[in-house]
There are 2 protein chains.
Amino acid sequence: MLHYLANEGSTTLVELSHYLYVEKPTTTRTINRLEELGYVEHVPSRDKREKRMQLTVLGQQVYEEVRITIDAFEKDILTGISVEEQQDMVRIMQIIRANILK
Amino acid sequence: MLHYLANEGSTTLVELSHYLYVEKPTTTRTINRLEELGYVEHVPSRDKREKRMQLTVLGQQVYEEVRITIDAFEKDILTGISVEEQQDMVRIMQIIRANILK
DNA sequence: CCTAGATAGTTATCTTTGTTAACTGTTACC
DNA sequence: GGTAACAGTTAACAAAGATAACTATCTAGG
């Protein structure tokens with residue numbers, strides 16, 4: 001979620017639910033917790049139905065820190081696996097996902 | 001779990017926990033539910049601490065049926081992915097797991 | 001042989017993440 | 001203006017994971 005917000009700038013819950021392939025209550029719960037933690041905040045939106053959120057300054061900082069940690073972890077667990085193999089993995093998993101979603 | 005029991009013949013909870021990489025309470029709960037469903041039963045064991053289980057006749061039947069369903073599903077979601085690619089996936093995921101467990 | 005430590009498994013409790021169903025408030029379209 | 005659709009919320013449930021604490025049993029060493 002932090003990643004999505006860092007990349008997209010802001011998002012609505014329904015948009016985030018679509019991206020994450022989960023139902024809206026799941027997104028509601030998690031985005032509310034990020035809000036409680038001070039990582040995300042409301043953004044004004046024309047559509048009063050919408051709850052548009054963006055990262056706070058704290059959220060951006062936490063995201064950068066977490067990214068470093070996760071990048072190191074991924075580098076570690078991918079030791080011995082070539083970049084080409086990693087790309088193959090991603091490509092194949094995308095095919096599997098597409099097949100599941102048919 | 002059914003797969004393991006079908007292949008191994010019988011198992012103890014601690015053995016199954018190791019194989020599944022979960023803590024013993026998780027295995028206890030699930031094996032008890034399989035027992036309630038009539039899919040597994042006790043096997044006499046010298047070590048009274050142990051709870052050695054095997055598939056019942058019903059469990060074997062259910063396992064065969066489920067296997068057919070799952071094999072078809074896997075065949076479906078692996079459409080467009082060669083056997084070699086599948087083998088690469090398994091191999092790479094085994095490396096990742098080994099790296100995680102280090 | 002007895003005891004202490006280790007082992008196998010159980011139980012209670014908690015957490016997390018997912019869901020469905022039902023709901024409220026808002027928007028858009030006819 | 002009314003209705004259907006949409007965005008989001010809430011309650012309740014389920015599943016699967018964990019930890020901590022416990023009991024019963026086994027094993028090894030003194």
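1. Start with the symmetry of this predicted model. Chain B falls on chain A after a rotation of 180 degrees, with 0.0 Å of shift along the axis. The RMSD of that superposition is 0.0 Å. This is therefore the relation of a two-fold axis.

2. Now find the axis in the structure. Which residue of chain B comes closest to the rotation axis? Look for Met89(B), whose C-alpha is 3.2 Å from the axis.

3. Next, the meeting of the two protein chains. In chain B, 16 residues are in contact with 15 residues of chain A. Of the interface residues of chain B, 94% are also interface residues in chain A, so the copies meet through the same surface.

4. How much area do chain B and chain A bury between them? The value is about 1400 Å². Carbon and sulfur atoms account for 70% of that buried area.

5. Polar links also cross this interface. Six residue pairs of chain B and chain A are in polar contact, both residues at pLDDT 80 or more. Two salt bridges are found across the interface as well. Arg91(A) and Glu85(B) meet through their side chains in a salt bridge, at 2.9 Å from N to O.

6. Which elements of chain B give two or more residues to the side that touches chain A? They are helix 4 (57-77) and helix 5 (83-101) of chain B. Helix 5 of chain B gives the most, with nine residues. By class, this side of chain B has 10 nonpolar, three polar and three charged residues.

7. Turn to the DNA. There are 20 residues around DNA strand C. Glu23(A), Thr26(A), Val14(B), Thr28(B) and Lys51(B) come nearest. By class, the residues of this surface are five nonpolar, three polar and 12 charged.

8. Which helices each supply at least two residues of the surface near DNA strand C? Chain A offers helix 3 (24-36). Chain B offers helix 2 (13-20) and helix 3 (24-36).

9. Consider the DNA side too. Take the atoms of DNA strand C within 4 Å of the protein: 58% belong to sugar or phosphate, and the rest to bases.

10. Three side chains are worth finding by eye. Thr28(B), already named among the nearest residues, has a polar side-chain atom 2.8 Å from a phosphate oxygen of DNA strand C. Lys24(B) places a polar side-chain atom 2.9 Å from a base nitrogen of DNA strand C. For Arg49(A), a polar side-chain atom lies 3.3 Å from a sugar or linking oxygen of DNA strand C.

Note on methods:
Residues are numbered from 1 along each chain as its sequence is written. Chains are lettered from A and ligands numbered from 1 in the order in which they are written. Side-chain values use heavy atoms; hydrogens and water are left out. A residue is near a molecule or strand if one of its heavy atoms lies within 4 Å of it. A polar contact is a pair of N or O atoms within 3.5 Å; within protein, one must be able to donate a hydrogen and the other to accept it, and residues adjacent in sequence count only if both atoms are side-chain atoms. Helices (H or I, at least four residues) and strands (E, at least two) are DSSP runs, numbered from the N terminus. Ala, Val, Leu, Ile, Met, Phe, Trp, Tyr, Cys and Pro count as nonpolar, Asp, Glu, Lys and Arg as charged, and the others, Gly among them, as polar. Copies are superposed by least squares on the C-alpha atoms of residues with pLDDT of at least 70 in both. Contact means heavy atoms within 4.5 Å. Buried area is the accessible area (1.4 Å probe) that two parts lose on being put together, summed over both. A salt bridge is a side-chain nitrogen of Lys or Arg within 4 Å of a carboxyl oxygen of Asp or Glu.
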